[in-house]
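Colleague: I am new to this structure and would be grateful for a guided reading. May I put some questions to you once it is in view?

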Amino acid sequence: MKRIGILTSGGDCQGLNASIRGVAKTLYNHYGDNVQIVGIIDGYRGLINGDAKELSRDDLSGLLTRGGTILGTSRQPFKLMRVIDEENSVDKVAAMKENYKKLKLDCLVILGGNGTQKSANMLSQEGLNVVSLPKTIDNDLWGTDMTFGFQSAVDIATQVIDCIHTTATSHGRVFIVEVMGHKVGWLTLYAGIAGGADVILIPEIPYDINSVIKTIQRRNETGKNFSILAVAEGAVSKDIAALSKKKKKQAMAEMVYPSISYKIAAEIEEATGQETRVTVPGHFQRGGSPDAYDRLICTRFGVAAANLIINKDYGKMVALKGTEIVSIPLSEVAGKLKEVPPDCEIVKAAKDLGISFGE
Ligand code: F6P
């Protein structure tokens, strides 16, 4: 009897359950009744605490469209994995290895984003059989053209911008839609273009507020009395971007606004006198059912991960390269961020269209 553990870690997103289903169905199809899927509860925390349960076929049915994760999730920062918990003196890495053994696992399937993949690589290097799937609405995982969850989040953020368009035109207002993404701007870029935003601000392209204001004023001069800005949570001004890492952190901590969008809104309102509003869809972007794209990619990723297990090809993350599903060593993925290259085709296309990046 094969025993395969599955855990979901980090921020949730659409498609976690669809991916679990893809793995489980393929394993059942291959091993029949000779496989037991073991769900690890609440991500790495469950593996550390030995919190797991054997899942039945019924538990794994009906998951294709279900949002969230049936296993629960938690954030366990990679940088703390090797730090012994002072409170209870727990050596987290030793505990995870011990529980993997106690649960008699042949392999552990890990679904997660950047931090999760680093921990997955660490466990693989510690001798556990691991395969992983690329999850995050941020699409910032190096080594894969697409992460699951991203396209569903793009759909939601785009719908928000669509709705904001109608009220912005009615009132002749400036609207900022703050899109998730502290470190990278893929989601803002895609939703901004799909939603027809006039200005897109992302962390990879620091903005000059005067340039943003000029864009709005130019639109007003040509008879467009409203403007839509898609702003990433991690958008940064040129001034702040020029600071050292420490000073940058300090400047952000001292900011009196709830987020960067509110600061930008205040600056626009002061300079133009035009009513400016902020909309923050927040965790809406991670909720609900996966869209058709994600259902398909999760299923393909799940099947590919199961095939890695069947072939005992461990220490790999499944990935999308062009139109093909491939697998890449976790050691190559771990610790690398896939940022938006400021000169990439999609940014150029947006600029050709007249979208401002506030440069
Ligand atoms: O990494 C996914 C993500 O949704 C980011 O886009 C966002 O900045 C962050 O997680 C929010 O984290 P939390 O759910 O812990 O507030």
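Colleague: How far does a backbone N or O atom of Gly181 lie from an oxygen atom of the ligand?

Modeller: Please bear in mind that this is a predicted model. Gly181 belongs to the residues around the ligand, a group that also includes Ile137, Met180 and His182. The contact in question is made by the backbone of Gly181, and its distance to a ligand oxygen is 3.4 Å.

Colleague: What share of the ligand's own accessible area does the protein cover?

Modeller: Side chains also reach the ligand: a side-chain N or O atom of Arg75 is 2.9 Å from one of its oxygen atoms. For a polar side-chain atom of Arg286, the distance to a ligand oxygen is 2.8 Å. On its own the ligand has 400 Å² of accessible area, and the share covered by the protein is 71%.

Colleague: Which residue forms a salt bridge with Glu54, and is that residue buried or exposed?

Modeller: Side chains of opposite charge can pair when their charged atoms come close. Here the closest N and O atoms of Glu54 and Arg3 are 2.8 Å apart. The pair links distant parts of the chain, with Glu54 in strand β3 and Arg3 in strand β1, 51 residues apart. Glu54 is partly exposed at 48% relative accessibility, whereas its partner, at a relative accessible area of 16%, falls under the 20% limit and is therefore buried: the residue is Arg3.

Colleague: How is the accessibility of Asp42 and Arg45, whose side chains meet in a salt bridge, to be classed?

Modeller: The N to O distance in this salt bridge is 3.7 Å. Asp42 has a relative accessible area of 24%, and Arg45 has a relative accessibility of 39%. Because both values lie between the 20% and 50% limits, each residue is classed as partly exposed.

Colleague: Where in the chain is Asp198, the salt-bridge partner of Arg219?

Modeller: The closest N and O atoms of Arg219 and Asp198 are 3.0 Å apart. Both residues are buried. Arg219 sits in helix α7, and the two are 21 residues apart, with Asp198 in the loop between α6 and β7.

Colleague: Which residues are joined into one network by salt bridges that share partners?

Modeller: A search of the whole structure finds 13 salt bridges. Some of them share partners, and the network made in this way joins Arg82, Lys97 and Glu126.

Colleague: Why is strand β2 described as largely enclosed, and how many of its residues are buried?

Modeller: In a regular strand the side chains alternate between the two faces of the sheet. In β2, Val35, Ile37 and Gly39 are buried on one side, and Gln36, Val38 and Ile40 are buried on the other. The strand, residues 35-40, is largely enclosed by the rest of the structure because the number of its residues that are buried is six of the six.

Colleague: Which residue of β2 is the bridge partner of Gly5?

Modeller: Strands β1 and β2 run parallel and are joined by five bridges. In one of the bridges, Gly5 has as its partner in β2 the residue Val38.

Colleague: What is the approximate area of the nonpolar surface patch that includes Tyr262?

Modeller: Tyr262 is found in helix α10, residues 260-272. With a relative accessible area of 32%, Tyr262 is partly exposed. It makes the patch together with Val256, Tyr257 and Val280, and the area is about 370 Å².

How values were computed: Residues are numbered from 1 along each chain as its sequence is written. This is a predicted model: local features need pLDDT of at least 70, side-chain atom pairs count only at pLDDT 80 or more; totals for chains, interfaces and linings use all residues. Side-chain values use heavy atoms; hydrogens and water are left out. Patches are made of residues with over 30% relative accessible area and no salt bridge: like charges are joined within 9 Å, nonpolar side chains (Val, Leu, Ile, Met, Phe, Trp, Tyr) within 5 Å. Accessible areas come from the Shrake-Rupley method with a 1.4 Å probe; for residues, only the protein chains shown count as cover. A salt bridge is a side-chain nitrogen of Lys or Arg within 4 Å of a carboxyl oxygen of Asp or Glu. Helices (H or I, at least four residues) and strands (E, at least two) are DSSP runs, numbered from the N terminus. Buried means under 20% relative accessible area, exposed over 50%, partly exposed in between (1.4 Å probe, protein chains only). A residue is near a molecule or strand if one of its heavy atoms lies within 4 Å of it. A polar contact is a pair of N or O atoms within 3.5 Å; within protein, one must be able to donate a hydrogen and the other to accept it, and residues adjacent in sequence count only if both atoms are side-chain atoms. Two strands pair if DSSP finds at least two bridges between them.
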